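Biologist: I have some questions about the words used for this structure. Could you take me through them?

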Amino acid sequence: MLVIADKCPEISVNVVDKNAERIKRWNDKDFKNIPVFEPNLIPILKRTRDRNLFFSTNVSKEIQLADIVFICVNTPTKLEGLGSGRASDLKWIKLCAKEIEKYSEGDTIVVEKSTVPVKTAELIKQILKSPQNSSSSIPKNFSVLSNPEFLSEGNAIRDLLYPDRILIGGEDKKSIDLLSSVYEKWVAKEKIIKTNLWSSELSKLTANAFLAQRISSINSISAVCEVTGADIKEVSRSVGGDSRIGDKFLSAGPGFGGSCFKKDLLNLTYLCEHYNLNEVAAYWNSVLEINNWQQKRISKEVFEKLCKNASNKKISILGFSFKANTNDTRDSPSINICINLIEQGAFLNIHDPKVTEDEIKNAFASYFEDIKQLNNNDKPPKFDDHWLFNADLNKSVKNADAILILTEWEEYKEIDWDKISKLTKKAAWVFDTRLIVDNDKILKTNLNFWCLGKKNSFE
Ligand SMILES: NC(=O)c1ccc[n+]([C@@H]2O[C@H](COP(=O)([O-])OP(=O)(O)OC[C@H]3O[C@@H](n4cnc5c(N)ncnc54)[C@H](O)[C@@H]3O)[C@@H](O)[C@H]2O)c1
């Protein structure tokens, strides 16, 4: 919405959210309090906010005034009922559709922006056809479009300014062309793909499944490198050099995270099973299995290197966000790996340049809340005594038995390992799951080193 407001000053863009705290932060005069960290976001916000971009909690009024309503609400994995743990929870989508039916007036284009299972537009259309006790007597007409979002966190602004493609699915040509005309203000017409509703919905799930599959593919090969003596960076480069394969999304690491890949893969496998396509479901589920396995094997590697005794060992965790340049921790590999290590008895000192202590606390709490809901188990483990947050990197590694790099933040690439080796315990271990440590430099210190996807870790 920020980029639409910037590129289309003649359009009034009104962002509404029921979460008053979030809206308050989006309106905060101090730009440091904006709830999302994204490179290059603030300058655009400064230009557009209160010009033609407005944030409020007045959902009913803005729906009433709108010609186009984008539904951008969360669609997390269901935690109860049919499809629990796999299907997407569409209760927020349904609620939005009901509110749109109730408050809109005249012609309204309803745009599905959230990532949803195929056929969700049908559900929205059904709700829009059922009168919801409307406050207005003005007749209502709706057209439902699917316009999934392909931005990637950490690169969101660049992806929105220079998208590879814009996808619009629908049945009504006039509505499709109107939405297309908004994007045409800054995106070339050839990049705007117009399809039917179901192709559009399925394309988004498929795109995320393919991206996740590439990560699992290269991560599976990282394990083969460690036992054979091949080097995953060299393999990635060689494989990605083939123009049929391409070099994107071939960096081995602790696995994918973020709010989308896992939920969208679960969603796709659920959909396939629903249509009795069990082999297809198993295929996509294996992408998730490799991701979980990669995180388990990293925790196991740390445990083994600490002489199979993590009890009271102090491990410094570098990076908690699911990737660099975002403060998003949803489904971050760091959550699973930290929990595994704490379960082995380790004490963690967690550092991240953008994630706060409260966000880490919330990430652990919501992990245990999900487990509790899925398993009907009401006893989350005592956990908070086993980790500390430290905003100062030097303090966070002090007296550490091991340092585990989990996010590829720029500042971790520039660490002076000689200096760090004087702060940690003697011969502490450094585990690099992001392949960002300069091997030659660390070799000159007394630190022990393990790097994902390489055989030659050294002690
Ligand atoms: N985050 C991404 O990078 C990304 C990328 C592409 C697609 N998506 C998709 O976009 C959707 C939203 O993702 P997100 O990361 O922004 O989620 P989010 O949870 O950060 O934000 C959703 C917001 O919707 C608000 N909300 C829920 N119900 C509402 C209602 N009835 N009225 C008003 N506000 C309501 C919530 O308060 C919340 O602030 C998801 O379907 C996701 O899969 C996200």
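Modeller: Happily! Let's begin with a helix contact: Ala209, Ala212, Gln213, Ser216, Asn219, Ser220 and Ala223 in α9 meet Trp284, Val287, Ile290, Asn291, Gln294 and Arg297 in α12. Bear in mind that the model is predicted.

Biologist: What makes these residues count as meeting?

Modeller: The cut-off is 7 Å between C-beta atoms placed from the backbone. The residues of α9 and α12 just named are in contact in that sense. By class, this contact has 6 nonpolar, 6 polar and 1 charged residues.

Biologist: Why are α9 and α12 called oblique to each other?

Modeller: Helix α9 (residues 197-228) and helix α12 (residues 278-305) pack at an angle of about 45°, with their axes 9 Å apart. Roughly parallel needs an angle under 35 degrees, and roughly perpendicular begins at 65. The angle of about 45° fits neither class, so α9 and α12 are oblique. Their crossing is left-handed.

Biologist: And why are α9 and α10 called oblique to each other?

Modeller: α9 and helix α10 (residues 232-240) pack at about 135°, with their axes 9 Å apart. Roughly perpendicular ends at 115 degrees, while roughly antiparallel needs over 145. The pair α9 and α10 is therefore oblique. Here the crossing is right-handed. Ile218, Ile221, Ser222 and Cys225 of α9 make the contact with Ile232, Val235 and Ser236 of α10.

Biologist: How many charged residues are in the contact of α9 with α10?

Modeller: There are no charged residues in the contact of α9 with α10, which has 5 nonpolar and 2 polar ones.

Biologist: Let's turn to the sheet. What makes β10 and β13 edge strands?

Modeller: The sheet is open, with 6 strands in the order β10-β9-β8-β11-β12-β13 and parallel pairing. β10 (387-389) and β13 (448-451) each pair on one side only, and that makes them the edge strands.

Biologist: How do you know that β8 and β11 pair?

Modeller: Pairing takes at least two bridges. Strand β8 (residues 314-318) and strand β11 (residues 402-405) have 4 bridges in the parallel sense, so they count as paired. One of the bridges joins Ser316 to its partner Ile403 in β11. α12 returns here too: this helix packs on the sheet, touching β11, β12 (429-432) and β13, and its direction makes about 165° with that of β12.

Biologist: Finally, which residues come nearest to the ligand?

Modeller: Of the 20 residues around the ligand, those are Asn19, Asn74, Thr75, Ser114 and Thr115. Helix α5 (residues 91-103) gives the most to this shell, with 3 residues.

Notes:
Residues are numbered from 1 along each chain as its sequence is written. This is a predicted model: local features need pLDDT of at least 70, side-chain atom pairs count only at pLDDT 80 or more; totals for chains, interfaces and linings use all residues. Axes are lines fitted to C-alpha atoms, for helices over the stretch in contact, and angles run from 0 to 180 degrees between N-to-C directions. Helices (H or I, at least four residues) and strands (E, at least two) are DSSP runs, numbered from the N terminus. A crossing is left-handed if the near helix is turned anticlockwise from the far one by less than a right angle, and right-handed if clockwise. Two residues are in contact if their C-beta atoms, placed from the backbone, lie within 7 Å. Ala, Val, Leu, Ile, Met, Phe, Trp, Tyr, Cys and Pro count as nonpolar, Asp, Glu, Lys and Arg as charged, and the others, Gly among them, as polar. A residue is near a molecule or strand if its C-beta atom, placed from the backbone, lies within 6 Å of it.
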